[in-house]
Structures are given as structure tokens and as C-alpha cells.
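I opened the notebook to record what I looked up in this structure. The entries follow the order in which I checked things.

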Amino acid sequence: MSGTTLDDYTGRYASRVHGMAQSEIRALFSVASRPEVVSLAGGNPYTAALPMDDLGEMFTRLLAQSGPQALSYCPGQGSTALRETLCGVMELSGITASADDLVLTNGAQQGLDLLARTFLDPGDIVLAEGPTYVGALGVFQAAQADVRHLPMDRDGLVPEGLEEALAGLRREGREAKFLYTVPTYQNPAGVTLSEDRRERILEIAERHGLLIIEDDPYSMISFEGAPPAPLRARVDRGVIYLGTVSKIFAAGLRLGWVLAPPAVRDKLLLAVEASILCPSSLIQEATLRFFTEMEWRQQVKVFITLYRDRRDALMAALTDFMPEDTGWTHPGGGLFVWATLPEGLDSKAMLPRALQERVAYVPGTGFYADGNGRRQMRLNFSTQSADSIREGVRRLAGVVAGDIELRDTFAGGAA
Ligand code: PMP
């Protein structure tokens, strides 16, 4: 230890934290949240649309009726009544499950972390869509996994791409630990795996013995009728399902769940107990009351109507303002659009200019483990009003046009 001081932490870190870095989204927060900036970079649901007075009354009743219990520890797996209620919620998407098979977590995010702890050793291969959810990348990177991206198009994950990746791994003598997928209204791409592809992906996974982790926070935030049923609704083995109340109730509650086969559930339960002893009793009780005492389906409709209008405003503004050769997805639900800039542009390099013009987005590279996504960006439509979204896109389009000019000047000068 000679030469080290107590201020010198880096030499003491566990090897697994060396790969941990701040996500591009976090790094953006401070600038993007300035009031003059139209932030299309966010990812928060619009909690101001919740009935605060009703919630206040609900919390008051909760404390009056079950205060001591709600302020105590509880079993690690969480309340049976809430797990049963969540089974009822999943049933609306066609998933049949028993409360015994659910483990409650601090959001789906903790579910992902517990799954990574359960399944991943350093160097293990995880397959994921390209792009994929940045929070999952953070978890997989912290577990020192080797994330391999699979191609995706407007109908979601491409089955041939999965088949090829599996064949490639077999040639290398390797196997993937699992496929992580967000099949419905994906974050960040806003695309949905088609009905037909769902069957094909399941067939390929079954044939190769590939475990699937299905992350499904958005399927109830559906703008044009119900999306195709989740993968877990089609099979009851081979798929571990992650759910959350973040998008249908409130993200700040941090309440999610994992639906897993009994053997995995037992491991997850031990991991929950080691990590947090038990999920918050207060939040479980409040969530139970949201589903049993409040008009929760009406509330989800309120969110849907609001986001649909904002999605429409974003689509219209992109069409009206964006320069030619810019592309974007048309999400049927969820919170995000994935835009592709014209050839030769770089969304990360462009960001300081966008912030100067008072508009923010998330550069695409944050959603890949391999440096891809330079021409892409994620745009959020849940947090800003339709007017702000339109103004934000107007500003953004000006920045893109400026970068096209720069590109052309540079190309002309170099020729
Ligand atoms: N998975 C995906 C795909 C997400 O977009 C999010 C939230 N942005 C999460 C998981 C985390 O959700 P929770 O709030 O339940 O932790």
C-alpha cells in the first residue's frame, strides 16, 4: 500500500466499476433542464396529469387505515394482495400468471439489475436490439457483459438477424446468456415487433434454447388499439417478463416486478433480500390502492390521449420543418421517436450547437454498446406541450440545416 493515500480511491475500486460511465442522458440533464431549452431529451411520464387531490386523499386514507403496517418491513417478495392485483393487470395483455411467480422490485430497472446479478458473469454475451434501452446497457456494462446488438427495422427486431447472430456464436463456440428485448413501443426506437415476428423470434429462441428477457413498460400506452400480445402471453416458459407501474401510474414510486419461473424467482428473491431486504411497504400499499380504489384505467386513458396529441405534434413538426433526407419512426405508443439525420451528420457533434439554439435531444450513441448511432437521436414527446414540441423541432431543424451546409462546404472545399 506504500504510496497510496486515503484520498486515492481508483486503485481500490472493484474491477467491475471501471467500465461504468455516466450515461449520455444523465450528462445532459443539467443543461437540458434550463427553462429556455425545449428538451426533447427527457423520458419522464407526464406526472402533472395525475389527480393530485385524489392521490392526497388516498394517501391519507392509507395512513389512517394501514399506517403501522405500511411503515414497516414486509416479506422480500412483496405483498401477496398487490402481486395478485398485478396478475390481473397483466391478464389485460393476455398474460396468465400466478402471484407466487412475481417478485416486486424498485422499478423494472432493479429487476434488470437482479437478473444481471443472477445470470451474468464477466464476459458473458447478451443479445439486445440495436439501439436498446440505455438503462439496460448500464446494468449489462456494470456486470461486465459483452453486449451484441441485433438489427432492428420498423417492425422491430429482425428474426434473420437473431438467427445469424446465434449461428455466428455457435461458430465461435459461444452461447448468449439471454436476449434482452423491448418488443413494444421500444425505448429508444419507438418501434413495435410485429405479430408475425413475435412468433418467429419465439420459434428461433425455442430451437436454440435461448432465454428471453422481455421488458414491457409501454404496451399499455397504446395510441391506436392494442399492440400485439407480449411474448410472455404466448409461451409460459423461456421468457422472463419485466413489468412496471412507471408509465401507467408514476415513475417516482419505483415499483416494478419480475415474472419468472420458480427456480429463477427463488434466486431473485434472495437477491432482493440481500439488496434491499424488501420493497417499500408504503409504496406497495399505495400502488394496491391505485389499482383497487381509483379509476386507474381512466387515468391510463388520460396519459394516452395526452401523449397521442404530443406524438402527432412531433410528427407534424418533423414533416413541416426537417430538411430532406432526415428520417424518423412513427410510434404507435410509448414516449419516443428515433430520428436519423442525413448522411455525414453526427448527432453527438451537433449537440452543443443544438443546446446553443435552446433545444435538446439524446444522441444515438448512448443506446449502443459499440459506438453506433452517430447519425441517430432520440426525441421524447411526453414531457412538453404540443406548442413547445413544435418550437423545439423548428429550432432543431435549423441546426440540422446548418450542419448540412457545413458538411457540403467541407465536401466542396475538400474536392
Ligand atoms: N425498461 C425500459 C425499456 C424503460 O424505458 C425504462 C424506463 N425508462 C425502464 C425499463 C425502467 O423502468 P422503471 O421506472 O420501472 O425502473
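Before placing any residue, I noted that helices are DSSP runs of at least four residues and strands are runs of at least two, numbered from the N terminus. I also noted that the model is predicted.

**Entry 1: Gln 384**

I looked up Gln 384 and found it in the loop between strand S15 (376-380) and helix H14 (386-414). Is Gln 384 buried or exposed? Its relative accessible area is 17%, and buried means under 20%, so I wrote Gln 384 down as buried. Leaving out residues up to four places away in sequence, I listed Val 38, Ser 39, Arg 310 and Ile 389 as the residues that Gln 384 touches. With Ser 39 there is a polar pair: a polar atom of the Gln 384 side chain lies 3.3 Å from the backbone oxygen of Ser 39.

**Entry 2: the whole protein**

I then stepped back to the whole chain. I counted 14 helices and 15 strands in the protein. The radius of gyration is 22 Å, close to the 22 Å that the globule rule gives for 415 residues, so I noted the protein as being as compact as a globular protein of that length. The C-alpha trace spans about 70 × 60 × 55 Å along its principal axes. How many of the residues count as buried? The figure is 53% of the 415 residues. Among contacts with a separation of 6 or more, 75% join residues 24 or more positions apart. The protein exposes about 18600 Å², and 51% of that comes from carbon and sulfur atoms.

**Entry 3: the ligand**

I went to the ligand next and found 14 residues around it. The closest are Ala 108, Asp 215, Tyr 218, Thr 244 and Ser 246. By class, this shell holds six nonpolar, five polar and three charged residues.

I looked up three short distances. An oxygen atom of the ligand lies 2.7 Å from a backbone N or O atom of Ala 108. A side-chain N or O atom of Asp 215 is 2.5 Å from a nitrogen atom of the ligand. For Arg 254, a side-chain N or O atom is 2.7 Å from an oxygen atom of the ligand. On its own the ligand has 400 Å² of accessible area, and the protein covers 92% of this. Which elements give two or more residues to the shell? They are helix H4 (107-119) and helix H9 (246-250). H4 gives the largest share, three residues.

**Entry 4: Thr 132 and two cis bonds**

I found Thr 132 in the loop between strand S3 (125-129) and helix H5 (134-142). Thr 132 is buried, since its relative accessible area is just 1%. Apart from neighbours within four places in sequence, Thr 132 is in contact with Leu 137, His 149, Tyr 180, Gln 186, Asn 187, Pro 188 and Phe 367.

Pro 131 is in this loop between S3 and H5 too, and the peptide bond from Gly 130 to Pro 131 is cis, with omega near 5°. I noted that most peptide bonds are trans. Pro 188, one of the contacts of Thr 132, also follows a cis bond: the one from Asn 187 to Pro 188 has omega near 15°. Pro 188 sits in the loop between strand S7 (176-181) and helix H7 (195-208).

**Entry 5: positive phi**

I noted that most residues other than glycine have a negative phi. Asp 325 has a positive phi, near 70°. Asp 325 is in the loop between helix H12 (296-321) and strand S11 (327-328) and counts as exposed, at 63% relative accessibility. Arg 358 also has a positive phi, about 65°. Arg 358 lies in the loop between helix H13 (347-356) and strand S13 (359-360) and is partly exposed, with a relative accessible area of 36%.

**Entry 6: Asp 320**

My last look-up was Asp 320, which is in helix H12. Asp 320 counts as partly exposed, at 47% relative accessibility. A polar contact of 2.9 Å joins the side chain of Asp 320 to that of Arg 390. From C-alpha to C-alpha, Asp 320 and Tyr 73 are 54 Å apart in space, and they are 247 residues apart in sequence.

Key:
Residues numbered from 1 in each chain as written. Predicted model: local features only at pLDDT ≥ 70, side-chain atom pairs only at ≥ 80, totals over all residues. Heavy atoms only, no water. Buried < 20%, exposed > 50% of the residue type's maximum accessible area, 1.4 Å probe, protein only. Contact = heavy atoms within 4.5 Å. Near = heavy atom within 4 Å. Polar contact = N/O pair within 3.5 Å; in protein donor to acceptor, adjacent residues only side chain to side chain. Areas by Shrake-Rupley, 256 points an atom, 1.4 Å probe, with all protein chains shown as cover. Nonpolar A, V, L, I, M, F, W, Y, C, P; charged D, E, K, R; others polar. Rg over C-alpha atoms; globule rule 2.2 N^0.38 Å.
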